[in-house]
Amino acid sequence: RENLMANIRDYHRNKGKTIILVSHSMDEIARNVDRILVLKNAHVLMQGTPAEVFARDRSEERRVGKEC
C-alpha cells in the first residue's frame, strides 16, 4: 500500500495532475493529501488542509469517523 501511495505522489508531483483519494483511513489521508473534502450523504461537511480539518472540535471529528 505504501508503494502504491508513493507512486501516486510521484505521478502527482511529476505531472501536476489532481488526484482524488477516497479513503476511510484518517491516518492515510493525513499523510498523503494537501486538501481534504469530507462528505456525508453527498453534502460537504468540512474542507481545508489536513491541519484545518483535524483541528475541528471533537463532535465534528466523531461525525467523520476520526478516532478521539
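## What lines the largest pocket

Let's start with the walls of the largest pocket in this predicted model. Sorted by class, its lining holds 17 nonpolar residues, seven charged ones and six polar ones. That lining is made up of 30 residues, and those nearest the centre of the pocket are Leu 21, Val 33, Arg 35, Ile 36 and Leu 37.

How is the empty space found? Rolling a probe the size of a water molecule over the atoms shows where empty space is left. For the largest pocket, the volume comes to about 870 Å³. Several elements help to build the lining: helices H1, H2 (26-32), H3 (50-54) and H4 (58-64), together with strand E1 (36-40), each give at least two residues.

## A look at helix H1

One of those contributors, H1, covers residues 2-15. What span should its 14 residues have at 1.5 Å a residue? The expected value is 20 Å, and the C-alpha atoms at the two ends are indeed 20 Å apart, so the two agree. After H1 comes Gly 16, which has a positive phi, near 70°.

## Glu 28 and its neighbours

Now move along to helix H2, where you will find Glu 28. Is Glu 28 buried or exposed? Its relative accessible area is 4%, and because the cut-off for buried is under 20%, Glu 28 counts as buried.

Which residues does Glu 28 touch, leaving out those up to four places away in sequence? They are Arg 1, Met 5 and Ser 23. With Ser 23 there is also a polar contact, side chain to side chain, at 2.9 Å.

Notes. Residues numbered from 1 in each chain as written. Predicted model: local features only at pLDDT ≥ 70, side-chain atom pairs only at ≥ 80, totals over all residues. Heavy atoms only, no water. Helix = DSSP H or I, 4+ residues; strand = E, 2+ residues; numbered from the N terminus. Expected span 1.5 Å × (residues − 1). 1 Å grid on protein atoms, 1.4 Å probe; cavity = no way out; pocket = protein on both sides within 12 Å on 5 of 7 lines; lining within 4 Å. Points joined across faces, edges and corners; volume = space filled by probe spheres on them. Nonpolar A, V, L, I, M, F, W, Y, C, P; charged D, E, K, R; others polar. Buried < 20%, exposed > 50% of the residue type's maximum accessible area, 1.4 Å probe, protein only. Polar contact = N/O pair within 3.5 Å; in protein donor to acceptor, adjacent residues only side chain to side chain. Contact = heavy atoms within 4.5 Å.
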